[in-house]
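The following exercises concern a predicted model. Each task is followed by a solution that goes step by step.

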Amino acid sequence: MSKLISLTVNGIKHNLEPKPGETLSALLRQRLGLTGTKIGCEEAECGACTVLVDGEPMVSCIYPAERADGKTILTIEGLAEEFTAKSAKKEEREKHLRDLSGLSGSKILHPLQEAFIEHGAVQCGFCIPGQIMTAYALLKRNPNPTKDEVRFALKDTLCRCGGYPAIENAILAAAQALRTGEPVQKPTIPDSIHTHRLVGHTHTRHDGMDKVTGTAIYTDDLVFDGMLYAKVRRAMIPHGFLTKLDISRAKALPGVVAVLTAEDIPGERTHGLVIYDWPVMVGIGERVRYVGDALALVAAETQEIAEQASALVEAEFDLQPVITNPVQARQEGVPQIHEKGNLLKHIKVRKGDMEKGFAEADVILEHTFHTPTTDHAFIEPECSIAVPQVTVTSAKHPRSEAERGEVTVTSRIEIYCGSQIPYQDRTQVARAMGWPEERVRVVGQLMGGGFGGKEDVMGQIHAAMLANVTQRPVKLLFDRHESLLVHPKRHATQIRVKIGAKKDGRLVACETELYGDTGAYASLGEKVMTRATTHSAGPYDIEHVRADCYAMYTNNPPAGAFRGFGVTQSAFAVESMMDMLAEKLNLDPVELRRMNALHVGSITNTGQELRESVGLTECIDRVDAEMRKHNSDPFKPVVAPLTSSESRRADSELTAKGAKNAKKKEKNLSDLGELRGSKASHLVRAWGFAAAYKNTGLGGGAPDKSGAEVELYDNGTFEVRSSSAEMGQGLVTVMRLTVAEEMAVPPEQVRVLVMDTDLTPNGGPTTASRQTYVTGNASRYAAKTLRNAITATMAEKYDVRPEQIRFENGIVHANGHSMTYAEVAKEMKAAGQQPRALYEYEAPKTQPLGTGGDMHFAFSFGVQAAEVEVNKLTGEVRVLRVISANDVGMAVNPLGLQGQVEGGVMMGLGNCLTEEFIVENGYVVTDHLARYRIPGIMLTPEITSIIVEHPTAEGPYGAKGVGEICSIPTTPAITNAIYNAVGVRVDKLPVDQELIAREIWERQEK
Ligand code: FES
Ligand code: FES
């Protein structure tokens, strides 16, 4: 037995025998059950696992457990207690926090935890323990930090939801509260201009309390008795035929419980969201199409054994030439990756007469743009746990002697996972198992981000197969490497735009040709590239439009849904062209957009007349006005002033020389001016501008439905249920507010249950910015239906007309009588009625592309202006400010909306400046988080969010989607700003800073 280590964790002393190679995070999570410490990468990159060791922040995923011997550890779970013990104003705080916590009971929080909730810094919540612990260490050392000091302290703690501005503000507010002993100051966020009692005002997230205290449970935090651990043996070659697979050595390894191959697939051998072309596993003689293809599955007693066994699976291949990009994939004579060829879909948009359009044009410009593959990089990697359930029942009412004693054995699988489409997961697992869907239950867990990347099944089928064979729970957790390798990405594209305009700037023709790399399997490639194509002429009223898109299979990792759904790529191309056109015509880029902007009465590229809710011009005007407050001539480059510290340094250098008389002082002042000028002359600033639109909902003729159920309980509380997914975007708060609004109760009186295929009606996929609209409406109408039933009960009981029933402050009034909801529930039950209502909302019908009419039932509009600073010596680009206006119809919860907007901008900024998922000849280069650079807090610009509200008649209270539109214009706003600053047109993402510097030098040399 090795020597025990002794450590104090959250005030409790533990003596433990160390395990070889064990990390502190594993000890905390697995042995002490402190799962508040999250694991995002296990490579010291994301900071999610940060805890305090003897008061210093440490990433616990690489900290050897043995080193913690004799140390004091503080984790997120111990933070509040540590604070409470020292808090002088305990009673006051308790009361305030009881208000905050609502139904989750009173808990005492540290001011940091409270401030994170109040400021909306909590979205998916996965990074939050790491953020708070890092901030706690900062405030211990420095109780009064500046913004810059906060940023520096948090520079290595990543938040993919991009809540950095809120995180920063929360930390400063907490610091102030700690210094003064006063309550945490709340942010000031304007209400919607269409407020109701609750809807339209700011509300904190209902799950915030669990997320800041470390009690929020994500899939990897779950433990089941007898649980096995799984690992998938991946092909690791991009293209070839599997000729031999030997699992004997893996099977023989002690601790291995099962090894499965394609021969063991009980049902259908392929899965997919639309097209079933993705093999559950590749069998001998079958084609491997990308490095992430699964060859074998291992279940073992420990994760380490599963990994060892997976490495012992031996595979041989007949290698094939690799198709690396969509243009090559379309060439004649290249290998065909799928039986039907390399073309997934040729997507066409036709409007007007192109020849006529270009003939009418005074100016025609043409340019080609490239965008790379990018990854969602949600901080929580994928995890699925499949749990077999066997139910034995005997015949209740035997009809014959033979039936007496007869038992029925039902076996099911329950799957715990983070899923954007739980019912789709169920369908796909059931297909692969060869079972009816009822035998599969998907129990969605909190998700540490999704952004479209958790729509496809990842480990769900594999975990189910292993659980079924072993009849034990099986956990399949992807490490970061596997996550990057396997799941679908954002499509890399090549987009050629040809645009024609009259001299006055009126657009007359736009032709685009797009190539989209959909990788090895279809996923949602066809749908994504359709959106890229239909939006490829931008949010403009153009008479003649033609677009052709080739969504092509390649041997790269599959591409599918990613926030922006293809429009991110085409907006970059067309918005760059708009600025190029403005320059050619010597027009203001804002004016060019304003004169061509879609408006009520416009006909879109797909032939849809916009009849309402088009706030594009208002977005343009408001961003323009805000931008010009900073600079009246925003697109002209200006030399950056010295930073305040540079300026201070310059001042002190000069004054140190001594200014004894007035003449010398004057001289020093002029030296100072020169110094400032010369030091800063290589830093140039300018603004850039871009606009975009994005459909809300599935569109294209797909039925767009969502179900929700609302139930009144005996204690007078309500529950609203839908399978729709919460991945941090705030849907649960929207559902809660909606039901509370309709039932006239406080939000705390409404619980929300989501993502369970046994217990919640089908809410459809969480994609296409649709959930606020469709599930918001389903929740609202379910509540209205229940209210009608209550009205009928009360009207009958008190013999009054239904119009005389009023719902106010949690009480139902009936012409002088009144009942609480608890009494109403009993009354309805006594009358034989169930106090619940189910509603399936179906959004207005849409038409398929190419048939004209309404392809979508609503559009959101967004405009952004970005101010950048470019270093002419190095090409380095810093984004200083972003102003973002979004027409969201109506702001249901302005606090949640602000988080979405800031996060969207940060994701757009990463897409523009830092992110590229690199694949070389089919092999993934960016296979670690450290190699895939998502923006951290240091890159966060000042973000101003302007909410524009042009309500839709049909959306809940007028709302439409926001999740995607707020991210789309960021990239072209930045690249247009770079051009305005230094004259370099970026036509390939991400921005290559070296290339900028080289172009500037070359120009100077000429
Ligand atoms: S830094 Fe430890 S999990 Fe990412
Ligand atoms: S809240 Fe930070 S990653 Fe989601």
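**Exercise 1. Determine how strand 7 and strand 13 pair, and place the pair in its sheet.**

Solution. Step 1: strand 7, residues 240–246, is joined to strand 13 by 6 bridges, and the sense is antiparallel. Step 2: within this pairing, K244 faces E316 of strand 13. Step 3: the sheet is open and consists of 3 strands in the order 11-7-13, with antiparallel pairing. Step 4: strand 11 (287–288) and strand 13 (314–319) are the edge strands, since each has a partner on one side only.

**Exercise 2. Identify the buried residues of helix 10 and the elements against which they pack.**

Solution. Step 1: the buried positions of helix 10 are Q303, I305, A306, A309, S310 and L312. Step 2: a general property of the α-helix helps in reading such a list: with 3.6 residues a turn, residues three or four places apart point the same way. Step 3: the buried residues of helix 10 pack against strand 7 and strand 13, and also against strand 6, helix 9 (248–252), strand 8 (256–261) and strand 12 (294–300).

**Exercise 3. Describe the second largest pocket by volume, lining and residue class.**

Solution. Step 1: the volume of this pocket is about 1100 Å³. Step 2: its lining comprises 34 residues, and those nearest the centre are A26, Q30, E42, Q303 and E304. Step 3: at least two lining residues come from each of helix 1 (24–31), strand 6 (228–234), helix 10 (303–312) and strand 19 (474–477). Step 4: helix 1 contributes the most, 4 residues. Step 5: sorted by class, the lining of the second largest pocket contains 13 nonpolar, 8 polar and 13 charged residues.

**Exercise 4. How many cavities of 30 Å³ or more are there, and what lines the largest and the second largest?**

Solution. Step 1: the principle is that rolling a probe the size of a water molecule over the atoms shows where empty space is left. Step 2: the count is 7 cavities of 30 Å³ or more. Step 3: the largest cavity has a volume of about 740 Å³. Step 4: it is lined by 45 residues, with Q729, G730, Q900, V962 and G963 closest to its centre. Step 5: helix 22 (731–743), helix 23 (771–798) and helix 25 (894–913) are the elements that supply two or more residues to this lining. Helix 25 provides the largest share, 6 residues. Step 6: the lining of the largest cavity divides into 18 nonpolar, 21 polar and 6 charged residues.

Step 7: the second largest cavity has a volume of about 130 Å³. Step 8: among its 15 lining residues, R234, H271, W278, M458 and H462 are closest to the centre. Step 9: strand 10 (278–279) and helix 14 (460–470) are the elements giving two or more residues here. Step 10: the classes in the lining of the second largest cavity are 10 nonpolar, 3 polar and 2 charged residues.

**Exercise 5. Which residues touch the most other members of the largest nonpolar core?**

Solution. Step 1: this core has 194 residues, and F116, I171 and I978 touch the most other members. Step 2: helix 7 (residues 164–180) makes the largest contribution to the core, 9 residues. Step 3: beyond four places in sequence, F116 touches A121, V122, I128, Q131, I132, I167, A170, I171 and V212. Step 4: a separate core of 45 residues includes M447, L737, M743 and V745.

**Exercise 6. Is L581 buried or exposed, and with which residues is it in contact?**

Solution. Step 1: L581 belongs to helix 17 (residues 567–585). Step 2: the relative accessible area of L581 is 0%, so it falls under the 20% limit and counts as buried. Step 3: apart from neighbours within four places in sequence, L581 contacts V363, L365, I499, A501, L507 and L592.

**Exercise 7. Locate the unusual backbone geometry at S523, D799 and P990.**

Solution. Step 1: as a rule, most residues other than glycine have a negative phi, and most peptide bonds are trans. Step 2: S523, not a glycine, has a positive phi of about 45 degrees. It lies in the loop between strand 21 (507–519) and helix 16 (525–534), and S523 is buried at 4% relative accessible area. Step 3: D799, also not a glycine, has a positive phi of about 50 degrees. D799 is in the loop between helix 23 and strand 28 (805–808), and its relative accessibility of 70% makes it exposed. Step 4: the peptide bond from L989 to P990 is cis, with omega near -10 degrees. P990 is placed in the loop between helix 26 (970–982) and helix 27 (993–1005).

Notes. Residues are numbered from 1 along each chain as its sequence is written. Chains are lettered from A and ligands numbered from 1 in the order in which they are written. This is a predicted model: local features need pLDDT of at least 70, side-chain atom pairs count only at pLDDT 80 or more; totals for chains, interfaces and linings use all residues. Side-chain values use heavy atoms; hydrogens and water are left out. On a 1 Å grid over the protein atoms alone, a cavity is a set of points where a 1.4 Å probe fits but cannot get out, and a pocket is an open set with protein on both sides within 12 Å along at least five of seven lines; lining residues have an atom within 4 Å of a point. Grid points are joined across faces, edges and corners, and a volume is the space filled by probe spheres set on the points. Ala, Val, Leu, Ile, Met, Phe, Trp, Tyr, Cys and Pro count as nonpolar, Asp, Glu, Lys and Arg as charged, and the others, Gly among them, as polar. A nonpolar core is a set of buried Ala, Val, Leu, Ile, Met, Phe, Trp, Tyr and Cys residues joined through side-chain atoms within 4.5 Å. Buried means under 20% relative accessible area, exposed over 50%, partly exposed in between (1.4 Å probe, protein chains only). Contact means heavy atoms within 4.5 Å. Two strands pair if DSSP finds at least two bridges between them.
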